[in-house]
Structures are given as structure tokens and as C-alpha cells.
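Me: I'd like a close look at one part of this model. Here it is, so we're both staring at the same thing.
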Amino acid sequence: MSHVSPPPPARHAAGPGKHPDVEIRTVAVNGVALRVALAGEGPALLLLHGFPHTWELWRAVIGPLARRHRVIAPDLRWLATGREAPAGEPTGAGYDAATLARDAECLLEALGATRAAVAGIDAGAPPAFLLALRRPDLVRRLVLMESLLGGLPSGGTGDGWPAAGGPRWWFGFHSEPGLAESVLTGHEDRYIGWFLDQGTLGRGVPTALREAFITAYTGEDVLCRAFSYYRALPASARQLQDAAATARLTMPTMAVGAHPIGAALEQQLRPIADDLIGHVLEDCGHIIPLDRPAALLALLQPFLAADITT
């Protein structure tokens, strides 16, 4: 494991909404219509965001990554709209890791990708992990960031959380059926804004991007669907545990931690990964692609390109 101390970043040089050569497409997969950002040509690279993000989480890194990859960055299923958006269920049914992994698998198939590097952060990491375990023929390289994989042992408290502390307070809040969405409707700006500030250690995100995230998560229906991910965590933990009991990560894998996860994710992966490298970014918040995009690119680009022949 390496500890990376990046220089102070030149933050937010490109204005929000500027996505050179990014195509936005709606793709029907696994019973939902996903909004997907596409950029570049080359080997496929699938990017899976977390909460409370959209595909625009990756906007600062898409351009450089698209120079050598076909970048595929979907909104996850809780942001699907229209008749095809499944309602949130008390148990989180339909938003578990296996369903999200199947979404990713179907998306790659719909776009004609037979092999892909896959990167997931926060809520996007468990489905990326599960997809890699179930489809090693599809996932050629795996990057997992700032997440803990429920159901797997850890070097911390034994429930997947670092020794410094257990699950954050919002996990319980979001998990109670019907509670969080009823309390937060009408107050989305303050709540989503709090996560964005905390996730960048107080440095914040550009105003237009902040507004885009808040808009995406405004309304009781979308909040209910987003919180259904948390309500499905017990089912997801069983899925991950069962998959890890019978399979290993055979592809090159990289774990990237920051604040608050640190090295805990790498510790979870070490017993089940054949080829693992771990990094911890110092002075970096949870939302790595927004808080330290240059430092992230310095890790991602050589790792993803290691087996690409030009």
C-alpha cells in the first residue's frame, strides 16, 4: 500500500457543464432506462458513481481518460426516470448489489463491449466488485474506491468498518423505510450540499455541479429510490459474501482510499485478490474524483493502460 500526498490541486479549472466530446444517451437495460455519458474510443472503461452523485461525478477525469478509452459513465438505476423507474421498496428490493451489477453487465452488452475495465466508488463499488467476481471474462481490470464491502471481513471492527468508527449515522437514517425521504423533501439542497462539503473536506464543488446534483436528488420519489440502495444493504452483503466464498478477483485490482475509508478497503480485498495494489490519498475527501482529480488520474491512467497495446 502506498500513501500518496498530492500537491494542492488547481481546482475546477473547467466550468461545470463543459464536457468536450461527451455524448449523452439513454440506454434501456435490465428493465430501466439509464442516462449514460459516453466519450472517447478504445478499450471500454465503465465508471460507477455513488450517493449523492450522478455520472457528472467523473467530469474532471473523463477527458483525460477518454484519450485511450471508451468511457462509459451511467447514472445508476435510482436516477432512472419515467415509467421504467422501479418504485423504492421497504426492503430495497431492486436496488441490491446484484441488480446493480446486472445493470452494468447489460449496459456493457448493449454497447457492444465484450471486455472492460470497471471502476466504482462509494455505492458503485459493491456492484463493480460483484460483477468482477461473477464475470472475470468481462472485467479485465478493477478499481474500487472509498467504499466498504458489506459481508466481507475487515481489519477494523469486523463488520466492514474501520476501527476508527462504525457505520456513519446516515446509514441507519436512510435504511428506515419511508423516514428519510419524508423528512428531507423540500430540504434537499441543504442535505445534498452537506454531503458534497463533507466529501471534499470542506473545499466544496463548483456551484453549477452542486446544483446539478441537488436537482437530480430533489423529490420524494427519487430520494426513496436512492435510499432503497441502503435498505438493500443486508441483501447486498449476503450476495457479496456468497460470491466471495466461491470466487476470487483474478484480474489486476486497485483499491484507492481517502478520508474516511483509508486502507480498510484494501484490507478487505487482500485475502481474495490475486493481483492487488492499494493506495491511500492524503488530504483527500471521500469524493475523490471531485476533490483530487489530478491525483486520481495519476493512479488510474498507468494502471488502466498497463495491458493496452497501441
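Which residue caps the N-terminal end of helix 2, and from which residue's backbone nitrogen is the distance taken?

Reply: Quick housekeeping: this is a predicted model, where local features need pLDDT of at least 70 and side-chain atom pairs count only at pLDDT 80 or more, while totals for chains, interfaces and linings use all residues. Numbering starts from 1 along each chain as its sequence is written, and side-chain values use heavy atoms, with hydrogens and water left out.

The cap is aspartate 96, with a side-chain oxygen 3.2 Å from the backbone nitrogen of alanine 98. That fits a polar contact (N or O atoms within 3.5 Å, one able to donate a hydrogen and the other to accept it; residues adjacent in sequence count only if both atoms are side-chain atoms).

Helix 2 itself covers residues 97–110; helices here are DSSP runs of H or I, at least four residues, and strands are runs of E, at least two, both numbered from the N terminus. With 14 residues at 1.5 Å each, helix 2 should span 20 Å, and its end C-alpha atoms are indeed 20 Å apart. The expected span is 1.5 Å times one less than the number of residues.

Helix 2 is largely enclosed by the rest of the structure, because 11 of its 14 residues are buried (under 20% relative accessible area with a 1.4 Å probe, protein chains only; exposed is over 50%, partly exposed in between). Among them are Ala97 and Ala98 at the start of the list, plus the polar Asp103 and Glu105, with Cys106, Leu107 and Leu108 further along.

Just after helix 2, glycine 112 takes a positive phi of about 80°.

Elsewhere, arginine 140 in strand 7 (residues 139–145) is also buried, at 10% relative accessible area, and its side chain makes a 2.5 Å polar contact with that of aspartate 307.
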